[in-house]
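Hi everyone, thanks for making the time. I'd like to walk you through one model today, so let's bring it up on the screen.

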Amino acid sequence: MKILIPLKQVPDSTVRVKVAPDGTSIVTEGISWSISPYDEYAIEMALERKDADPTTVVAVVTVGAARSRDALRQALAMGCDEASLITADTAAPLAVARALAKVVDETKPDLVLCGKQASDDDQGFVGPALAELLGWAHVATITKVVPVEGGVELWREVEGGHEVWKAPLPALATVHKSEKEPRYPSLPGIMKAKKKEIPEKALSALGIDASGPTWTILSMEPPPVRGGGKILKDGDAKQIAEQLATALRDEAKVL
Amino acid sequence: MKTLVVAERKGSELRRVTLELAAKARELGDTALVEIAGERYSPLPFVSALAKKVESEKPDLVLLGATLNGRDLGARLAARLGRAYAADVTGLRVAGNALELDKPMYAGKVRAKVRLDLPAVVSVRPGAIPLKGAAEAPQVEKIEADGSAEKLTFVKLAATATGTKRVSLSEARVVVSGGRGLKGPENWHLVEELADALGGAVGASRAVTDAGWRPNEEQVGQTGKTVTPDLYVALGISGAIQHLAGMTSSKVIVAVNKDPDADIFKIADYGIVADVFEFVPAFTEAVKKARA
Ligand SMILES: Cc1cc2nc3c(=O)[nH]c(=O)nc-3n(C[C@H](O)[C@H](O)[C@H](O)COP(=O)(O)OP(=O)(O)OC[C@H]3O[C@@H](n4cnc5c(N)ncnc54)[C@H](O)[C@@H]3O)c2cc1C
Ligand SMILES: Nc1ncnc2c1ncn2[C@@H]1O[C@H](COP(=O)(O)O)[C@@H](O)[C@H]1O
């Protein structure tokens, strides 16, 4: 089975994101970048398939700035087999999906795993849009993929449990979580990844226009800072519990 | 301005978010509500039926709840129609020929205002639009999901043991979350009893869902659910930046942690430096009394 994972490089989850002086972008100077968390889960899910069946080939691709190469390198170090970069400094979400559709047409994966949403724009658009452009069915927010006769079973997390859907191949799913935590790159993995070539093409060279329906950012601000409030500490557990319940009812008015 | 609201039901009742969307749509102008009837949500049959409706009615705006299914359906609908799309917005206004949206980005670490040209598809975070008083029950037109578009086969529903009797986490007005400080799944009755006393939902930190103490669906944070309840109670949670990303917009935050230096206290309105095993049962009793 060949699995393709479109991934996006985003500020690392530990970065304290700051708004830039222009007020419409974030400070990118000096921050660390990572593979978007759900894409990392998708990679782990694919590598777990590869652990079970070593003939599995796992490829990653990204549409992004030149620095995105580091994210691809990280995916290779985790154990992915192939990586390719489509360079574009900005591209509308639908243009990204078009570029990915082209990659799918050329490389013919059996399964495409996207993240359920990228943790920069938090949209969750590109996965379903890619399935739409390909004319494929898709299953959103899965936590498990199981190969079965005639396709794959995709486990979708819903309120109260999992819906299990069977999809014929090729298929696309967006990933919510893998069974295990995403693995760290191993030392031999890192060495191997260093030697791998990452072919690069410009979005325009694919004949894709970077425009499409999108938004214009008017302003950005950090969420209001919450000051630490009161620490209740007078009395024993029972007394403090009663003070708290009273405060929540009479002062905060949330009971 | 013409808006089509996609209605969702939980059981036989319209979801609260649907009422919120209907109220917003009425404020914006012409409003119609449509519900897609099918045994269960699946993208192709739902998007096919909805796209047909949108093409015939030509609303300027399609509004969906940013629920599990609403987000998925909205994304695919926007792609099918080539319309502009914004997911999980927390506010919207009309500005000339466009919408001005409040859009949380970077897992809630930034609040952006964005302009989105019409016609558009937008999903709105549950709880983001305040409902004034009792909402009138809106008229909802039912359309059938287009089963002929289906390419998937439904196999089964594998239910989690915890069941679904409580309110859903992302719509709950009160959320009580437990962290690693609870020590193990066998102690979760403490979290549940407090949640029941408060009439709220149960959440968890990722340390807890990763350990398999609780199902993934209860995880709050950057890679879990974003919640904005009136009251969020964090029990034995340290307050890692990724957890905060999912709950700092709560109206009132209560934290119980035995470490006075825990980061969670930096954002809590009420902090209690205590052992959860001692404090939580006392608090549950106090809540019952205060509400009686
Ligand atoms: C990419 C990425 C995404 C992530 N996404 C999420 C996410 O969505 N949600 C999330 O929660 N985390 C997320 N994390 C993990 C996050 O970094 C933390 O590891 C996690 O939130 C810690 O959970 P915790 O607070 O329960 O555990 P800990 O950090 O171990 O804290 C336990 C707390 O309990 C207190 N305690 C212990 N015993 C008691 C007691 N008897 N009484 C009272 N207090 C006690 C301790 O003082 C401590 O503060 C993510 C991490 C990464 C890298
Ligand atoms: N620029 C990109 N290059 C490759 N894959 C992407 C890109 N943007 C988004 N994706 C994929 O689509 C998912 C959803 O992204 P988004 O629609 O931006 O929230 C991500 O988790 C990735 O799997």
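Let's start with helix α3 of chain B, residues 68-81, keeping in mind that this is a predicted model. With 14 residues at 1.5 Å each, the helix should span 20 Å, and its end C-alpha atoms sit 21 Å apart, which agrees.

How much of α3(B) is buried? Ten of its 14 residues are, so the rest of the structure largely encloses this helix. Among those buried residues are B:Arg71, B:Asp72 and B:Arg76, along with B:Leu73 and B:Leu77. Just after the helix comes B:Gly82, with a positive phi of about 65°.

Now over to the second largest pocket, which holds about 1,300 Å³ of space. Its lining takes in 50 residues, and those nearest the centre are A:Lys8, A:Ala91, A:Val96, A:Asp120 and A:Asp121. By type, the lining splits into 28 nonpolar, 14 polar and eight charged residues. Both chains take part: among the elements that supply at least two lining residues each are α3 (93-107) and α4 (126-134) of chain A, and β6 (84-89) of chain B.

Last, the cysteines. Searching the whole structure turns up zero disulfides over all chains. A:Cys80 is in none, and its nearest cysteine sulfur, in A:Cys114, is 14 Å away. Seen from A:Cys114, the closest cysteine sulfur is that of A:Cys80, and 14 Å is too far for a bond, given that a disulfide needs the sulfurs within 2.5 Å. A:Cys80 counts as buried because its relative accessibility is 1%, and A:Cys114 is buried too, at 3%.

That's my tour, and I'm happy to take questions!

Key. Residues are numbered from 1 along each chain as its sequence is written. Chains are lettered from A and ligands numbered from 1 in the order in which they are written. This is a predicted model: local features need pLDDT of at least 70, side-chain atom pairs count only at pLDDT 80 or more; totals for chains, interfaces and linings use all residues. Side-chain values use heavy atoms; hydrogens and water are left out. Helices (H or I, at least four residues) and strands (E, at least two) are DSSP runs, numbered from the N terminus. The expected span of a helix is 1.5 Å times one less than its number of residues. Buried means under 20% relative accessible area, exposed over 50%, partly exposed in between (1.4 Å probe, protein chains only). On a 1 Å grid over the protein atoms alone, a cavity is a set of points where a 1.4 Å probe fits but cannot get out, and a pocket is an open set with protein on both sides within 12 Å along at least five of seven lines; lining residues have an atom within 4 Å of a point. Grid points are joined across faces, edges and corners, and a volume is the space filled by probe spheres set on the points. Ala, Val, Leu, Ile, Met, Phe, Trp, Tyr, Cys and Pro count as nonpolar, Asp, Glu, Lys and Arg as charged, and the others, Gly among them, as polar.
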